[in-house]
Amino acid sequence: MSKVFSSVPMSLDGCIAPALMKLGQPVDLWLPQWMELQKYVFQQRFFRESLKLGEGGETGEDNRVLEETFNRTGANIMGKRMFDGGEQAWPEEAPFHTPVFVLTREVRTPWERPGGTTFYFVNDGIESALQQARDVAGGKDIRIAGGASAILQYLNAGLVDEFSIALSPVFLGDGLRLFDGVDHRRISLDIVEAIHSPVVTHLSYAVGRR
C-alpha cells in the first residue's frame, strides 16, 4: 500500500512559516523571512525547471531530495489556509502536477489547472480526503503538503507513515510551529536518514504508533 508522508522546510526554532504569513497581511511583512526559510529550494535545478524559473541551478543532494519527493507523490492533501494563500500566489500552472485534495467546509467544484494539477474540495474530513487521494494516486505515495494544522491532524490520527524536515539554518523568532499540539503519547519515531548539505539538513523519520 502507498505511504502517507509530509515533507516541509523548518527553521531552527521549529517554524514552517512566518507568523504574519496569512491572508490580509502585507507581503513585505513576511516574505523576507519566508524566502530565507525556502532559499535552498529556489537554488535547485529541479525546482527551477518545474516552475519554469529559468535555466541553471544546483544538482547535488538537495536537488536529488526534491526530485525524489516529487516523483514519489501521486496525490497531495492540504488545508484550506494553505490553499487560500496559494490560490493567490501560485502560477497558472500550479506546482503540484497531481490531484490535490483540500480540507475545507467550502463546497466548490473541482478546479483544474494546466500541467496536471486539479484541486478537489473535501468537506467530510481527513480520512475521506486520504481515501480519495489513494484512489487516484496510482499506487504512489500521498503527501500531506501542509499547512501545520493539516499535518498535525493526520499525525495525531495515526495516519502518517513518514515525515521529513529540511532544517534551514535560520531563526524566525515567531511563526507557525509544526509540532505544537502533537500527541506524543501516541507516536514513536525512528530516524531513517540524515543528509547534510552546505545549506540545509534533511532529517527523515518513520512514524510508529504506541
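This section describes the fold, the aromatic contacts and some local backbone features of a predicted model.

The protein has six helices and 11 strands. Its radius of gyration is 16 Å, close to the 17 Å that the globule rule gives for 210 residues, so the protein is as compact as a globular protein of that length. Along the principal axes, the C-alpha atoms fill a box of roughly 40 × 40 × 35 Å. Buried residues make up 44% of the 210. Long-range contacts were also counted. Of the contacts between residues at least 6 apart in sequence, 62% join residues at least 24 apart.

Nine strands build an open sheet with mixed pairing. Their order is β5-β6-β4-β3-β7-β1-β8-β11-β10. Strands β5 (111–112) and β10 form the edges, and each pairs on one side only. At the β5 edge, two bridges connect β5 to β6 (residues 118–122). These two strands run antiparallel. Within this pairing, Trp111 stands opposite Phe119 of β6.

Two helices that lie across strands of the protein are considered next. Helix α4 spans residues 80–89. Helix α4 lies across β3 (73–79), β4 (99–103), β5, β6 and β7 (141–146), and runs at about 100° to β3. Helix α6 covers residues 148–156. The strands that α6 lies across are β1 (4–10), β3, β4, β7, β8, β10 and β11 (201–209). The angle between α6 and β7 is about 135°.

The edge strand β10 contains Ala194. This alanine is exposed, because its relative accessibility of 57% is over the 50% cut-off. Leaving aside residues up to four places away in sequence, Ala194 touches His202 and Leu203. The C-alpha atoms of Ala194 and Tyr205 are 9.1 Å apart, and the two residues are separated by 11 residues along the chain.

Aromatic contacts were examined next. The structure holds 14 aromatic pairs. In one of them, the rings of Phe42 and Phe47 have centres 5.0 Å apart. Their planes meet at 75°, so the pair counts as edge-to-face. Phe42 is partly exposed, with a relative accessible area of 25%. Phe47 is buried, at 18%. The two values fall on either side of the 20% cut-off for burial, so the two residues are classed differently.

Phe163 and Phe179 form a tilted pair. Their ring centres are 5.5 Å apart, with 55° between the planes. Phe163 lies in strand β8 (residues 162–167), whereas Phe179 lies in the loop between β9 (175–177) and β10 (187–196). The pair therefore ties together parts that are 16 residues apart in sequence. Phe163 is buried, with a relative accessibility of 7%. Phe179 is partly exposed, at 30%.

Ring pairs also link a cluster made up of Phe83, Trp90, Phe96, Trp111, Phe119 and Phe121. Trp111 and Phe119, which stand opposite each other across β5 and β6, are both members of this cluster.

Trp111 also has a charged neighbour. The charged end of Arg108 sits over the Trp111 ring, 5.5 Å from its centre. A similar arrangement involves Phe5. Here the charged end of Arg72 sits over the ring, 3.8 Å from its centre.

Several local backbone features were noted. The peptide bond from Gly146 to Gly147 is cis, with omega near -5°. Gly147 lies in the loop between β7 and α6.

Positive phi values were found at residues other than glycine. For Lys52, phi is near 55°. Lys52 belongs to the loop between α2 (45–50) and α3 (61–72). Its relative accessible area is 61%, which makes Lys52 exposed. For His97, phi is positive at about 60°. His97 is placed in the loop between α4 and β4. With a relative accessible area of 21%, His97 is partly exposed.

Definitions and conventions. Residues are numbered from 1 along each chain as its sequence is written. This is a predicted model: local features need pLDDT of at least 70, side-chain atom pairs count only at pLDDT 80 or more; totals for chains, interfaces and linings use all residues. Side-chain values use heavy atoms; hydrogens and water are left out. Rings of Phe, Tyr and Trp (its six-membered ring) pair if their centres lie within 6.5 Å; planes under 30 degrees apart count as stacked, over 60 as edge-to-face and the rest as tilted. Buried means under 20% relative accessible area, exposed over 50%, partly exposed in between (1.4 Å probe, protein chains only). Helices (H or I, at least four residues) and strands (E, at least two) are DSSP runs, numbered from the N terminus. A charge sits over a ring if NZ of Lys or CZ of Arg is within 6 Å of the ring centre and within 35 degrees of the ring normal. Two strands pair if DSSP finds at least two bridges between them. Contact means heavy atoms within 4.5 Å. Axes are lines fitted to C-alpha atoms, for helices over the stretch in contact, and angles run from 0 to 180 degrees between N-to-C directions. The radius of gyration is taken over C-alpha atoms; the globule rule is 2.2 Å times the number of residues to the power 0.38.
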